[in-house]
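Open the model in a viewer and keep the selection panel at hand. The stops below go from one hairpin out to its sheet, and then to the other chain.

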Amino acid sequence: MSKTTTLAFAALSLAVGAGTTAVGAFGYGALPPLGRLLSPTVGLWANASAEDLPASATARIAGLISTVDVRYDQRSVPHIFATTDLDAMRALGYVVARDRLFQLELQARAGEGTLTELVGAVALPADQETRRLGMPRTAERNWQQMDTTSQIGRVLLAYAAGVNAYRASLSPAQYPVEYKLLNRAPRVWEPVHSLHLQNRMGYTLAHDPVELELLQARALVGDAAARALFDSDSPVQEPIQPAGDVSPRDMLTALPAPGAPDTAAARLVASFTAPRARGSTPLAWARNADPLVAQARAFASNNWAVSPARSATGHALLAGDPHLELTLPSIWYEVHLVVPGSLDVGGVVIPGLPGVPIGYSRQFAWSATNTGADVMDFWQETVNNETAPTAYELDGAMVPFTDTRIETYRDAKGAVVGTDTVYYTHRGPMRRQGKAWLSLRWTVLEAGLELRAFYQAMHATSAPAFLDSMARYYQAPAQNFIVADTAGVIAIRSTGRYPIRADSGRGTTIRDGRTRDTDWVGNWTVAQYPQGKSPAQGYLASANQQPIDPAQQSLYLGVDPNFEIWRALQINRLLRADSAVTPEAMRRFHTDPGSVRADRLVPPVLAAAQARRAQGDTSTSLANAQALLAQWDRRYTRDNTGARLFETAVATTIRLLYDELTVSGKSAPSVTPSESRLLQLVVDSANAWWDVRATADVREDRDALLAQALRMAYDTLVVEYGDPATSPWTWGRVAPARPSHLLRLAGFGAPPLPIDGGRGTLNPSVSSRRANFGASWRMVVELGADPTIRAVYPGGQSGNPSSPRYLDRYAMWANGQLDSVRTPRSANDLTPADIRATLTLSR
Amino acid sequence: MIRAVVAAFVLQLVAQQYSGVWGAAVAGVITGIVLRAGRAGRTAALTAAAAAAFLLLLEVLQGAALGTFADMVGKNFALPGWVVVVATLLLPALQAGGMAAGVSRVVRAFGGVKPTYKSPSVA
């Protein structure tokens with residue numbers, strides 16, 4: 001072989017070696033650095049074998065006052081025994097980071113609007129939304145204005161010290177697997193990150209632009225019809241604040257027919273949606289109205305408490321199950337904190353927040369559901385310069401913006417992927433919306449004492465003291481806090497800041513920003529909050545329903561689309577029927593397959609099918625669908641075969657029914673009323689809403705449309721799941737639970753498991769390609785002399801997908817079972833057999 | 001010959017264990033210089049893959065559920081798990097083999113050094 005040929009082969013070989021090494025080390029284009037990923041010693045494989053909870057470990061945290069003893073029980077729950085509250089918070093930061101480091105960062109970045117820096121430009125729309133809403137600005141200002149020697153300032157610093165102590169102890173080989181896949185390293189945890197996360201929860205639970213939805217509806221069907229659907233009370237009242245009723249109160253008034261478009265509203269919508277400046281998208285602040293997406297969004301929760309007089313054990317009982325997106329790892333992390341003489345609380349924390357939002361102490365237990373109050377309003381502003389405004393009109397003068405922020409979005413390498421200018425009026429952030437400028441005011445942006453509320457409440461000694469602590473500081477997102485104590489008191493209060501509006505008093509119209517006369521003029525007093533304490537009925541319950549019956553109090557709190565009635569009806573039905581409630585019954589209620597929604601809506605659907613067939617409709621699909629639905633017992637058990645048909649029929653009904661709310665060229669309504677409106681329409685068979693616009697020569701009535709929807713649903717499902725005669729649409733098969741990984745990585749998601757429950761039941765778990773929602777934590781507490789707690793959440797304590805603790809609670813959760821929660825008073829209360837691992841933290 | 005292969009294997013083990021993503025390539029360069037043989041590339045590639053396999057085996061012995069985890073990782077990229085395992089072995093083999101083959105040819109071209117051993121296939 002000639003020397004030239006040899007050198008040519010040498011060059012080729014070196015190119016292969018150097019090329020694969022370079023790609024392995026640095027990646028190429030979209031290809032990640034495969035060497036770092038695949039290295040058996042530092043790559044993904046290192047996460048496969050890492051014992052993420054060694055039987056015994058020690059660690060150091062700077063600033064610790066004295067040694068903290070952490071004992072993980074057999075359920076991997078860390079029991080933190082500290083001598084001071086701040087040491088307990090340092091340890092809390094450490095143990096949460098130890099199991100959930102990537103989640104900490106991801107969730108905080110979501111509230112900070114810097115996801116692009118972690119996952120790349122794919123997250124730009126989410127970051128833009130976050131920053132245009134002014135959320136990071138609020139968190140930064142709250143932290144800047146916080147006295148770091150104050151109680152909460154020190155708590156946030158202590159928590160951050162714990163997180164960072166764990167982070168600093170890691171070698172790259174020990175980084176969570178997600179960091180390796182993203183080729184990133186964990187960042188330092190700053191106290192302000194906790195405040196970003198707090199804001200993120202506000203976005204999740206209190207983002208309610210009802211006036212934009214109403215405006216779109218008015219532009220399509222006129223003012224009267226739109227207001228009847230979007231600016232009114234729930235048609236069935238089963239309020240949180242007990243009204244003394246022995247049954248729900250129906251208000252099934254006739255809905256006005258869809259009318260001619262409101263031209264003023266239409267002009268406004270047109271001006272908002274006109275293609276214009278960068279950063280402006282059509283009604284960008286509005287919620288996604290696609291019925292399929294709306295149906296998949298089951299942000300909801302249940303909680304209820306039973307008085308000793310109605311409890312079989314003679315003790316107060318409490319149950320709670322917040323429904324959120326089901327992710328892996330779970331949004332919750334279970335802990336127990338003991339500081340002798342100061343603190344003895346357990347429950348679940350949100351990784352990144354130094355407080356226990358749902359849990360128990362020695363004296364009481366508490367849980368929360370979302371209030372759904374309207375706490376976000378919009379104003380149309382007039383600015384001095386359409387392209388580069390510096391001032392806005394107010395009371396006849398142009399006043400400068402209170403703030404103008406240039407928001408810069410960067411990718412993981414620091415390159416700029418986008419910029420924004422966000423202006424602030426005295427009300428809040430302002431953004432270009434088509435040809436108009438809209439500012440918003442939102443209680444979430446004016447809150448900031450929530451951590452203090454939880455911290456104080458954790459030190460309370462009774463149910464009333466807990467609620468009073470919350471009422472004193474807690475502003476947003478408004479929550480229905482329920483609490484029961486060992487003295488037998490049960491109480492509930494919808495706690496948060498509820499603004500009082502000028503003029504109409506309602507938050508359903510976009511106001512004129514040129515005058516202060518349209519501003520909020522005050523807040524509800526605590527006495528006006530929806531609430532109840534040890535009522536005569538012997539129980540309290542909330543499930544995201546309208547908190548107060550408008551017949552009791554007419555103050556504006558929100559509109560029907562913000563509330564849901566079905567689960568409230570169901571839990572009240574169960575509790576009314578049981579005069580001797582047991583903790584075991586409470587457990588069963590969590591996954592009770594009964595559905596008031598099905599009980600009230602299936603009969604009219606069946607009647608419609610029967611009527612159409614009697615009138616000569618010979619459709620085989622309709623006959624089969626009717627037979628299938630009639631066989632269903634209207635219970636969402638995992639082995640039922642009728643619920644899938646009913647669910648699809650309801651979704652189809654809504655799409656056909658509200659075709660007047662569908663903009664031409666679109667297949668789904670722009671805005672969708674709540675499902676409860678069906679109750680008003682099914683008793684009004686000739687209402688014009690039943691008529692389908694597309695069939696101009698035919699006027700459909702209720703039976704025609706319901707039968708059509710049922711037939712269409714049947715045909716759709718045959719295509720999707722096969723002939724039900726040979727391939728039954730078993731609920732557990734076609735609607736399983738399926739928590740997904742935080743990054744939607746298919747390999748790290750949970751396998752599908754059948755469950756009892758579905759939309760409208762107390763266990764409204766839904767899974768789809770778009771989202772997975774459901775009971776993110778279930779807890780039943782018996783408030784005896786020493787409270788007995790049972791609980792579970794889907795997933796496991798570890799955030800490492802290869803850990804045996806990643807999914808160890810999933811099957812128990814899917815089966816509706818609860819685990820016994822340990823509540824040791826000291827480390828010595830746990831025997832060696834109780835302990836899975838120990839961690840000793842010292843300075 | 002066997003001694004040379006064993007030495008190359010040990011070199012790969014140490015290099016991959018302690019030099020991370022550069023380990024296999026660095027060990028490949030050393031192998032190429034030391035062996036200067038026509039089979040240096042193949043020897044380096046095989047020993048690099050073997051070393052990676054051995055390190056994976058150690059992970060299994062420490063409790064890693066190799067197959068399950070490979071399936072999980074592969075599913076994230078719409079790949080079967082065995083592809084992830086093969087890629088884990090193939091990458092250091094290409095790194096080491098390429099570097100060893102290239103370096104050994106350069107050394108031979110300019111140094112005129114004879115091969116120091118015969119590889120198993122020509123023994």
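Two strands count as paired if DSSP finds at least two bridges between them. The model is a predicted one, and the tour starts at a hairpin in chain A.

**Stop 1: the hairpin of E18(A) and E19(A).** Select E18(A) and E19(A), a hairpin with two residues between the strands. Gly434(A) in this hairpin has a positive phi near 65°. The two strands run antiparallel and are joined by four bridges. To follow the pairing, pick Gln433(A), whose bridge partner in E19(A) is Ala436(A). Then pick Arg431(A), which is bridged to Leu438(A) in E19(A).

**Stop 2: the surroundings of E18(A).** Keep strand E18 (429–433) of chain A selected. Is this strand enclosed or open? Five of the five residues of E18(A) are buried, so the strand is largely enclosed by the rest of the structure. In a regular strand, side chains alternate between the two faces of the sheet. On one side of E18(A) are Pro429(A), Arg431(A) and Gln433(A), and on the other are Met430(A) and Arg432(A); all are buried, and both faces are covered. E19(A) is mostly covered, with six of its seven residues buried.

**Stop 3: the hairpin of E17(A) and E18(A).** Add strand E17 (416–424) of chain A. E17(A) and E18(A) form a hairpin with four residues between them. In the turn, Gly428(A) has a positive phi of about 155°. Two bridges join these strands, which run antiparallel. Tyr424(A) is the residue opposite Pro429(A) of E18(A).

**Stop 4: the whole sheet.** Extend the selection to the six strands of the open sheet in chain A, in the order E16-E17-E18-E19-E13-E23. The pairing is mixed. Which strands stand at the edges? They are E16 (403–410) and E23 (511–512) of chain A; each has a single partner strand, so one side of each is left without a neighbour in the sheet. Further in, E13(A) (residues 376–381) and E19(A) (residues 436–442) run antiparallel and are joined by six bridges. One pair to label is Trp379(A) with its bridge partner in E19(A), Ser439(A).

**Stop 5: a helix over the sheet.** Now select helix H6 (residues 124–132) of chain A, which lies across E16, E17 and E18 of chain A. H6(A) runs at about 20° to E17(A).

**Stop 6: where the chains meet.** Switch to chain B, where 37 residues are in contact with 32 residues of chain A. Helices H1 (2–18), H2 (23–35), H3 (40–61), H4 (66–76) and H5 (81–111) of chain B each supply at least two residues of the side that touches chain A. H5(B) gives the largest share of that side, 14 residues. By class, the side of chain B that touches chain A has 19 nonpolar, 14 polar and four charged residues.

**Stop 7: H3(B) against H5(B).** Select these two helices, whose axes come within 7 Å and cross at roughly 155°. That makes H3(B) roughly antiparallel to H5(B). The crossing of H3(B) past H5(B) is right-handed. The contact includes Ala45(B), Ala49(B) and Leu56(B) from H3(B), and Leu89(B), Pro92(B) and Ser104(B) from H5(B). By class, this contact of H3(B) with H5(B) has 14 nonpolar, five polar and one charged residues.

**Stop 8: Gly102(B).** Finish at Gly102(B), which is in helix H5 of chain B. Is Gly102(B) buried or exposed? Gly102(B) is buried: 26 other C-beta atoms lie within 10 Å, where the cut-off for buried is 20 or more. Not counting residues up to four places away in sequence, Gly102(B) touches Ala10(A), Ser13(A), Leu14(A), Gly17(A) and Gly32(B). For a last distance, select the C-alpha atoms of Gly102(B) and Gly28(B): they are 9.5 Å apart in space, and the residues are 74 apart in sequence.

Notes: Residues are numbered from 1 along each chain as its sequence is written. Chains are lettered from A and ligands numbered from 1 in the order in which they are written. This is a predicted model: local features need pLDDT of at least 70, side-chain atom pairs count only at pLDDT 80 or more; totals for chains, interfaces and linings use all residues. Two residues are in contact if their C-beta atoms, placed from the backbone, lie within 7 Å. Ala, Val, Leu, Ile, Met, Phe, Trp, Tyr, Cys and Pro count as nonpolar, Asp, Glu, Lys and Arg as charged, and the others, Gly among them, as polar. Axes are lines fitted to C-alpha atoms, for helices over the stretch in contact, and angles run from 0 to 180 degrees between N-to-C directions. Angles under 35 degrees count as roughly parallel, over 145 as roughly antiparallel, 65 to 115 as roughly perpendicular and the rest as oblique. A crossing is left-handed if the near helix is turned anticlockwise from the far one by less than a right angle, and right-handed if clockwise. A residue is buried if 20 or more other C-beta atoms lie within 10 Å of its own, exposed if 12 or fewer, and partly exposed in between; C-beta atoms are placed from the backbone.
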